[in-house]
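Colleague: I'd like to know what stands behind the labels people put on a model like this one. Can we go through some of them together?

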Amino acid sequence: MTAIKHALQRDIFTPNDERLLSIVNVCKAGKKKRNCFLCATVTTERPVQVNVVKVKKSDKGDFYKRQTAWALRDLAVVDAKDAIKENPEFDLHFDKVYKWVASSTAEKNTFISCIWKLNQRYLRKKIDFINVSSQLLEESVPSGENQSVAGGDEEAVDEYQELNAREEQDIEIMMEGCEYAISNAEAFAEKLSRELQVLDGANIQSIMASEKQVNILMKLLDEALKEVDQIELKLSSYEEMLQSVKEQMDQISESNHLIHLSNTNNVKLLSEIEFLVNHMDLAKGHIKALQEGDLTSSRGIEACTNAADALLQCMNVALRPGHDMLHAVKQQQQRFSDLREQFARRLASHLNSVFVQQGHDQSSTLAQHSVELTLPNHHPFHRDLLRYAKLMEWLKNTDYGKYEGLTKNYMDYLSRLYEREIKDFFEVAKIKMTGTTREGKKFATLPRKESAVKQETESLHGSSGKLTGSTSSLNKLSVQSSGNRRSQSSSLLDMGNMSASDLDVADRTKFDKIFEQVLSELEPLCLAEQDFISKFFKLQQHQSISGTTNEVEEMDGGSLSRSYTSGVPQTISSEKDMIRQMMTKIFRCIEPELNNLIALGDKIDSFNSLYMLVKMSHHVWTAQNVDPASFLSTTLGNVLVTVKRNFDKCISNQMKQMDEVKISKKSKVGILPFVADFEEFAALAESIFKNAERRGDLDKAYIKLIRAVFVSVEKVANESQKTPRDVVMMENFHHIFATLSRLKISCLEAEKKEAKQKYTDHLQSYVIYSLGQPLEKLNHFFEGVEARVAQGIREEEVSYQLAFNKQELRKVIKEYPGKEVKKGLDNLYKKVDKHLCEEENLLQVVWHSMQDEFIRQYKHFEGLIARCYPGSGITMEFTIQDILDYCSSIAQSH
């Protein structure tokens, strides 16, 4: 056991600055496990700590390891099981009961005795020792501190101690003086014994000589022991006093902790109270403003706005956990709720009154706009209402129901006001377009019979029946003013010196200006109202409104939405949609009125659709650049569809009229009416669509019209009886080519080339056809010559043919002397002059082409004579110069 004790001291406790005092080999009761050791130790440093340590051999080797340690002050009971009989079992009560079985009773008693001594020496704590022999405890009672310490170190005295360096040196000196000690140990031992005896005698003598000093020393020692006892008694009393002081200090410490806790709680309570007071206290001035504030003056509105913002901040303060359970907080919240409800009602009532009052003021200004093509200015109304914009935002955030009610009332009232204004505005526009007065009769179209239409057409454009852009009298709108009927272009010609075309241009220019003014007045009106709505109702932020999206009800006859949760709307997907819906409700009459105005313009003159298409396209493009999804952009886009339909209808009507055109069987055709109409349409369209956004629509219409013109010209040419087909084709395609060349329409370049080709082809065909008649017999003769050559007869042998000999040739040539040729050319000139129309002025062009063709035939005939009748000396009775003189003379004479 001593070796184990040394090993444990060296390996485990010395590194931890501990001293091992007692050890016992134990195992747990009731279990068969490897033994372990319980060690009683004290620390070498002050203050001394006494521990009971459990040491166990490691599973991986023969060394020991520290497993568990308990402080001795935590030991409550030591149970030895039996005080009379020897029993190796004992219990130690720490935080729980540990049951041990010692390897021997002696070890157990020694360990328990050491525990008792350590308790008495260091702890002075009452540990219950039960079932322990009183004799064991009595033997262990200390007579003083020195005794307890000595008792604790008895085993240390008996232990083997190594020699120190000085002792080793003395023994070596002694052995060097006795060299024989190695060979004769007995002699050496005897010598040492003798020297020891001498020393003992000297010691005895010294002791006897110093007996007096010893007695004095012993007396001093006794006195010292008494002083030590007194000191111990005082120390014990001091320790008891200090224990009392310690208890008092513990109480004071606990009291200080409670005071600190109380102060902390007070600080937190003060912080909570300050938070509630600072964030949930509304100033008296704000309360008065909410209850009695003036909502008519700018200063009163500002005060109410500030008070409403302060109230909203108080209501929206983020309360901390538990605040909502306080009675005062509940009362204050209820008070805020009542203030909010009271002020919301007062604000809604006042704003409704403002809507009505401003509407009355606005209605009083309508009279001055009744004869002018202008819309009333709503800027003063908007400016006055914008003072309440922040209050509307507050109402939207606090009471959405009243906010929605105000929105609906505003829409209902403004829609009626704007409807009156816009209808009066469009009525003035219609009056200015038609030239009637408000007292005049309503607009009415006058049905006409085909004969009347034909008469008016002939009176305007001659026998050709020219179809103008207004479709002659078919699409002209007749208007009665002051009981007098205003007829179509025929009557207009009688009223002044202007031509029908000039009157049409004047009317169209007037219509264009009026239509542009209408759009220019509507656009700023809608933009101003939309800007006001976004600012006044706080809808300029295009963010989606939170909540579950339900079915959206239409704005007409319904509220903005019918379902909300906690005051938040659920059905409007975004505030941008809400602006568009409000604008649709307020300006619901704009689109129908625009469509009516467009229909009227189309009835007055179908060519007005060109002006409307350009103007409407420009305004739609402008509106889409600002906001593609705005009300103005959507409405103008819808109206643009109607205008585009009218434009397409105008094109279709012209194509239909081309298909239905009838020509006179007794008069020459000349330039067809729809060809002239296309020229007028193209010239007008080019002037209107210059730099226009919808140029593509016009290009498509050009393609359709020009193709229809080509087809109709072919059709009329085939049906013509008075005028040759080639003349009809030549003149009309020449006119089309000249028109396209002058207007330079890029999309019709291919058609321009085609028109030129058709004109050239039919000119050549007409010339060839006409020239065969003056030299008919000569033509037949040479055609027979060419036929024989084609059959294989050599050219120089043709003259041997009976029907084509030289004699026959001379007979045919004699039938066409110069005088007859000139007479035939003169008749041909007259016939061509009858076929061609004067307005196209192609007579000289055709005559020059006939001259060239006649000369070409003359040269051809001379060539055949030279090849087929060589050396015959046969020539024509007129020369090329004669032909030139004949043609020039005939042209000058006519």
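Colleague: Are Y418 and F587 buried or exposed?

Modeller: Both are buried: Y418 is, and so is F587. Keep in mind that this is a predicted model.

Colleague: What makes Y418 and F587 an aromatic pair, and why is it called tilted?

Modeller: Their ring centres are 4.5 Å apart, and the cut-off is 6.5 Å, so they pair. The planes make an angle of 45°; under 30 degrees would be stacked and over 60 edge-to-face, so tilted is the label that fits.

Colleague: Where do Y418 and F587 sit in the chain?

Modeller: Y418 is in helix 14 (residues 400–434), and F587 is in the loop between helix 18 (575–586) and helix 19 (590–604). They are 169 residues apart, so the pair links distant parts of the chain.

Colleague: How many aromatic pairs does the structure hold?

Modeller: It holds 26. One of them is W70 with Y98, at 5.0 Å centre to centre and 55° between the planes. That angle is not over 60 degrees, so this pair counts as tilted too. W70 belongs to strand 4 (residues 64–71) and Y98 to strand 7 (residues 97–102); both residues are buried.

Colleague: How do you know that the charged end of R121 sits over the ring of Y122?

Modeller: The charged end is 5.2 Å from the ring centre, and the distance limit is 6 Å, so that part of the test is met. The label also asks for a position within 35 degrees of the ring normal.

Colleague: Why is E18 called buried?

Modeller: Its relative accessibility is 5%. Buried means under 20%, so E18 qualifies.

Colleague: Which side chains make polar contacts with the side chain of E18?

Modeller: Those of N51, at 3.4 Å, and R66, at 2.9 Å. The limit is 3.5 Å, so both distances pass.

Colleague: E18 has its place in strand 1. Why is strand 1 described as largely enclosed by the rest of the structure?

Modeller: Because nine of the eleven residues of strand 1 (residues 18–28) are buried.

Colleague: What makes strand 1 and strand 2 (residues 36–43) a pair?

Modeller: They share eight bridges, running antiparallel, and at least two are needed, so they pair. Within strand 2, C39 stands opposite I23. Strand 1 is also joined to strand 7, by three bridges and again antiparallel; there, C27 has V101 as its bridge partner.

Conventions. Residues are numbered from 1 along each chain as its sequence is written. This is a predicted model: local features need pLDDT of at least 70, side-chain atom pairs count only at pLDDT 80 or more; totals for chains, interfaces and linings use all residues. Side-chain values use heavy atoms; hydrogens and water are left out. Rings of Phe, Tyr and Trp (its six-membered ring) pair if their centres lie within 6.5 Å; planes under 30 degrees apart count as stacked, over 60 as edge-to-face and the rest as tilted. Helices (H or I, at least four residues) and strands (E, at least two) are DSSP runs, numbered from the N terminus. Buried means under 20% relative accessible area, exposed over 50%, partly exposed in between (1.4 Å probe, protein chains only). A polar contact is a pair of N or O atoms within 3.5 Å; within protein, one must be able to donate a hydrogen and the other to accept it, and residues adjacent in sequence count only if both atoms are side-chain atoms.
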